[in-house]
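Work through the following exercises with the sequence and the coordinates open beside you. Each task is followed by a solution in steps.

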Protein chains: 2
Amino acid sequence: MNKKALQDLIREKRSFLCIGLDSDMEKLPPHLLEEEDPIFEFNKAIIQATAHLAVAYKPNLAFYECHGAEGWKSLEKTMAYIRSLDTPVFTIADAKRGDIGNSSRLYAKTFLDPEKLDFNSVTVNPYMGHDSVEPFLQYKDKFAIILALTSNPGAADFQLPTSHPSGNLEKLGIKIQSRRKLYEQVLIRSYDWGSEENIMFVAGATKAEMLKKIRNIIPYHFLLVPGVGAQGGSLEEVARYGMNHECGLLVNSSRGIIFASRGEDFHLKAQEKAQEVQQKMEKLLTEKGVISK
Amino acid sequence: MNKKALQDLIREKRSFLCIGLDSDMEKLPPHLLEEEDPIFEFNKAIIQATAHLAVAYKPNLAFYECHGAEGWKSLEKTMAYIRSLDTPVFTIADAKRGDIGNSSRLYAKTFLDPEKLDFNSVTVNPYMGHDSVEPFLQYKDKFAIILALTSNPGAADFQLPTSHPSGNLEKLGIKIQSRRKLYEQVLIRSYDWGSEENIMFVAGATKAEMLKKIRNIIPYHFLLVPGVGAQGGSLEEVARYGMNHECGLLVNSSRGIIFASRGEDFHLKAQEKAQEVQQKMEKLLTEKGVISK
C-alpha cells in the first residue's frame, strides 16, 4: 500500500485510527483461554468488529514472541486473517528492529516480504544509523517507521537532551546555536535516506506541542503517534499540531480499545470504543478539510 | 552466571571468545539441508566442536525469526542443547530489543526467564532510555548488553557526532566544553541504571582506539566486542585498549569461524579457526597477567 492508497483509505473510512494488537495473554477475556490459540481468536474478533473503523493494525511483537514458536504462529494467522478481509487495512509490525546491514536485511525480509509476514510497514530503531535502516526501504510500497520521539519517560534520556551552553557566554551576550536534539537529528538525517513513500516516523503524543517542531522539519511524512488513550495523550492536540492537509497521521490506541471489556462481548465493547475515537477523528478530518461533511 | 563465574570461565578456558551463531540458511553446508532442522544440526555440530574453546555463544535473532515459528524452534533447541553441555558457556541473545517498559518487560521475559529461552544476557538498544532497559536488569545473574558503540558504518550517523562550537568563539579565545558523543552519553547515563553485575556494553572493534575512551568511563564493565574477524578488527588492538585486569572482554567472531568450510568437515574447520583465535587470546591473557603460563 503506497502513501496515496493510505490517504484514500483514511478518507474512505473517515478515520486515522490504528489499533494496537498488544494481545497480552494475561488480559484476554477468560473464556478465550479455552481456545487452541487464544491470541489469534482474540485478534480475529477484535479485527472483525473494528475493521470498518480502523485504517491500521499494529501487532506489538513483544506480546507474540514471548510465547515462542506458538506466538509466531498466532501472528502469522493474524496476518493471514487480515489479508482475507474485504476492507483493506494498513499493517504495522511494531518490532523496533535495527542491526548491522546483513541482519537488518533479514529482519526486513521477515516482516515485509510478501512470502513472509507481509506487513505494510515495520517500526525501526535508528540508533545504529543508515545501514541499519536501509534494508527496510527496499520494499516497494512498504514503509520503515523510524523511531524519532517516543512517548515513554525514557525519551528524556537520549532523544531530548541538548547541551546547554555555558551561562557565562550568555551573560556575555554571545549566542550559541544550540545543538539539535537527537530526535531532530534522526528526522533530518534520515530525510535523505528515503522519501515520504518509504519512511514514516514515530512521534510521541504525550508531547503534542513537539509535533509542531516535527512538522516544521517533515511537513509531509506520515507520523505514527502512539500513546493516545491509555497513555493519556489528547487526540485534539495531536491533530492540531500534527495533522497536515492530507491527514499525515496514524494515531494508535491499544489497551483503551482492545481491553475495553473482558466479558464475552469484548469485541462489541472494543467496537464501541473504536467508534468513539473514529467519530472524533471524522470531526477533526472535516475541520481540517481533509474530508467533506 | 554472574560476573565472577564468567571470569572464572575465561581463566579456565584461557579464552574470551564468543562465537556468533549467525546461522544463515543460505550459507550452511549443503549436506545439512536434507536434515529436518538444518539450523539446529549446524549449531549443534559447531557448539560440540568448539565448546572447549569458546566462553560464549551468541545467536543473532535475525537469522532465526526470518524462518518464523520454525526458526524459533531451532533457537529453542539450540538453547536446550547448550544447557545439556558438560562445559558451562555464557549465552547472548543478540536481539537488540528495546521498547516502552511494558513491552520490554515481555522481551526480557522471552530471552532471560528460566522457563523461556533462558539466555544469560540479551543485547538491548538504548534509544528509548531508562524504562526501556530497566526490565532487562531484573534477572539475577543475568545481563543487559547495551549498545554503546557499534561496528557498522551507520555508527557515524548518531553515535559519534558532536556539535562543533562556532569557530568565531574559538577565535575569541572562548573555550566551550564539547558535548559528549551519544555513545558516551549512553555509557555515562546507564552507569547508574545498574552495575557491572547486570550491565555489559557493546563496543565496536573497528575503532579499537575508542575502547580506551570507553575504558576511561567504564573501567570494570564487561564489553562485548563485535567485528573481529570477518569485519576486520584486530584482536591485539582490542586487547591493548579494552582488556582490564579481569579480562573484561568478550570478543565475537561469527562468519570467520562458523563458515570456515561448507564441506562435511565444517565443524572441524570451525574448530581449527576457533583454536587459532583461542591461542591468540591465551597469549594476550597471559601477557596481561589475567592467567599464568
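**Exercise 1.** Determine which residues of α5(A) are buried, and what they pack against.

*Solution.* Begin with the burial criterion, under which a residue is buried if 20 or more other C-beta atoms, placed from the backbone, lie within 10 Å of its own, exposed if 12 or fewer, and partly exposed in between. In α5(A), this gives Ser103(A), Ser104(A), Leu106(A), Tyr107(A), Ala108(A), Thr110(A), Phe111(A) and Leu112(A) as buried. Next, take contacts (C-beta atoms, placed from the backbone, within 7 Å): these buried residues pack against β3 (90–97), β4 (121–124) and α6 (130–133) of chain A, together with α3 (62–65) of chain B. Helices (H or I, at least four residues) and strands (E, at least two) are DSSP runs, numbered from the N terminus.

The model is predicted, with local features requiring pLDDT of at least 70 and side-chain atom pairs pLDDT 80 or more, while totals for chains, interfaces and linings use all residues. Residues are numbered from 1 along each chain as its sequence is written, and chains are lettered from A and ligands numbered from 1 in the order in which they are written.

**Exercise 2.** Examine the phi angles of Lys96(A) and Asp141(B), and classify the burial of each residue.

*Solution.* Most residues other than glycine have a negative phi. Lys96(A), in strand β3 of chain A, nevertheless has a phi near 50°, and Lys96(A) counts as buried because it has 28 C-beta neighbours inside 10 Å. Asp141(B), in the loop between α6 (130–133) and β5 (143–149) of chain B, has a positive phi of about 60°, and with 13 C-beta neighbours inside 10 Å, Asp141(B) counts as partly exposed.

How values were computed. Contact = placed C-beta atoms within 7 Å.
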